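User: Please take a close look at one part of this model, namely a sheet, and describe how its strands pair and what surrounds them. Kindly indicate as well how far the coordinates can be relied upon.

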Amino acid sequence: MCGWNNNSVAWKIGNGSRAKSGTGPTHDHTFKNESGSFLYLDSQAVNASQTQILQSPFVQWKDSCLSFWYHMRGSGIRNLSIYIEKNSTTGPSSTITKSSNRTILWSQEGELDDKWYAVEITIQTEEAFRVLLEGTTIGKTGNIAVDDIKLSKYSCKADDYYMHIDASLGNKNSNAILRHAGLYRSGPACLTFWYHMYGKDMGKLILYTSRNDERITTVWCKSGDQGNNWNFAAVDVEVCPDVSVEFEAIRGNGGQNLQTR
Ligand SMILES: [Ca+2]
């Protein structure tokens, strides 16, 4: 989850196999399959009206972007809300209480359709802050699920890199590569990007880590038509100063465009 802390035991990691009729997603957002994981809050496991909080680390970024996907099904759901909390009351996470230095950024009430919905919020502040994601239930039937949570240091949708492969040109299986070197630190990182893959026989978009022009691991892959819209991806990668990340777009049979940025 790219640095987020689950300080409420009520938020658990699960997947689509635990979906019950009328509540909970049958697939995660990242991989769109039953085994892909997401965080969920099950109404049955918590006391109604008790808030259950997930929190980001404290950061001090003038411009930030919070993005995530959520799924809310079941009559026992009350709401899902996003707050920022400024750094004046730091302390043990177990002692978090409602306090005046919290500001609500976003909230969604009640049950929705059986779909993953996207949220993207630009946060601008000079002070250190953390993000709180708070779920509340009202009855025993319901699941609130969240996936691909990302808090990044830039305004939402900054177009730093852009790659385009036109599938109507060139041969089948021709490819395009976008490599990004200059990862300045070591350790876990969260790579975010947007991709657009629309059309029949779309081909593939693959993300690798590489060192000295040699691929080390495949960290993400998407193939086929993903709809006529930009899709957001957040991928955990392990980086070192000598490791690059590399996108490869492979053309399919179709005559449509594949883009990433
Ligand atoms: Ca996921």
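Analyst: pLDDT is the predictor's confidence in each residue, on a scale from 0 to 100. The model is predicted, and the mean pLDDT of its protein chain is 80, with 77% of the residues reaching 70 or more. Confidence is highest in β2, at 94, and lowest in strand β10 (residues 163-166), where the mean is 56. Residues 94-98 stay under 50, and the model gives this stretch 1 contact beyond four places in sequence. Where pLDDT is low, the predicted coordinates should not be read in detail.

The sheet chosen here contains β2. The protein chain has 17 strands and 0 helices. Five of the strands form an open sheet in the order β1-β2-β9-β4-β7, with antiparallel pairing. Its edges are β1 (11-15) and β7 (117-124), each of which pairs on one side only. On average, neighbouring strands of this sheet are turned by 35° against each other, direction ignored. Strands of a sheet pair through backbone hydrogen bonds, either parallel or antiparallel. At the β1 edge, 5 bridges link β1 to β2 (residues 37-42), and these two strands run antiparallel. One of the paired positions is W11, whose bridge partner in β2 is L41.

The sheet also supplies strands to the largest nonpolar core, which has 30 residues. Elements giving two or more residues to this core are β2, β3 (52-55), β4 (63-73), β5 (77-86), β8 (129-137) and β9 (143-152). Of these, β2, β9 and β4 are members of the sheet, consecutive in its order. The core members that touch the most others are L39, Y70, V131, L133, I144, A145 and V146. L39 falls within β2, Y70 within β4, and I144, A145 and V146 within β9. V131 and L133 belong to β8. Leaving aside residues up to four places away in sequence, V131 touches Q55, S56, L66, I82, I84 and L151. Among these partners, Q55 lies in β3, L66 in β4, I82 and I84 in β5, and L151 in β9. Contacts of this kind fit the chain as a whole: 80% of its contacts with a separation of 6 or more join residues 24 or more positions apart. Buried residues make up 31% of the 261 residues.

The loops around the sheet deserve separate attention. In the loop between β1 and β2, K32 has a positive phi of about 60° although it is not a glycine. K32 has 12 other C-beta atoms within 10 Å, so it counts as exposed, the cut-off being 12 or fewer. The loop between β2 and β3 holds S49, another residue other than glycine with a positive phi, near 75°. S49 is likewise exposed, because 9 other C-beta atoms lie within 10 Å.

A further loop residue is K140, placed between β8 and β9. With 15 other C-beta atoms within 10 Å, K140 is therefore classed as partly exposed. Beyond four places in sequence, K140 touches S43, Q44 and G76. K140 and I77 are 63 residues apart along the chain, and their C-alpha atoms are separated by 8.3 Å.

For context, another core lies apart from the largest one; it has 12 residues, among them L191, F193, Y195 and Y208. Y208 falls within strand β13 (residues 203-211), which is joined to β16 (residues 244-251) by 8 bridges in antiparallel fashion. β13 also runs antiparallel to β14 (residues 214-223), again through 8 bridges. I206 has partners on both strands: C221 stands opposite in β14, and E248 stands opposite in β16. In addition, S210 of β13 faces S244 of β16. The hairpin of β13 and β14 has 2 residues between its strands, and N212 takes a positive phi near 50° there. On β16, the covered face consists of V245, F247, A249 and R251, whereas S244, E246, E248 and I250 form the uncovered face.

How values were computed. Residues numbered from 1 in each chain as written. Predicted model: local features only at pLDDT ≥ 70, side-chain atom pairs only at ≥ 80, totals over all residues. Pairing = 2+ DSSP bridges. Helix = DSSP H or I, 4+ residues; strand = E, 2+ residues; numbered from the N terminus. Axes fitted to C-alpha atoms, helices over the stretch in contact; angles between N-to-C directions. Buried ≥ 20, exposed ≤ 12 C-beta atoms within 10 Å, placed from the backbone. Contact = placed C-beta atoms within 7 Å. Core = buried A, V, L, I, M, F, W, Y, C linked by C-beta atoms within 7 Å.
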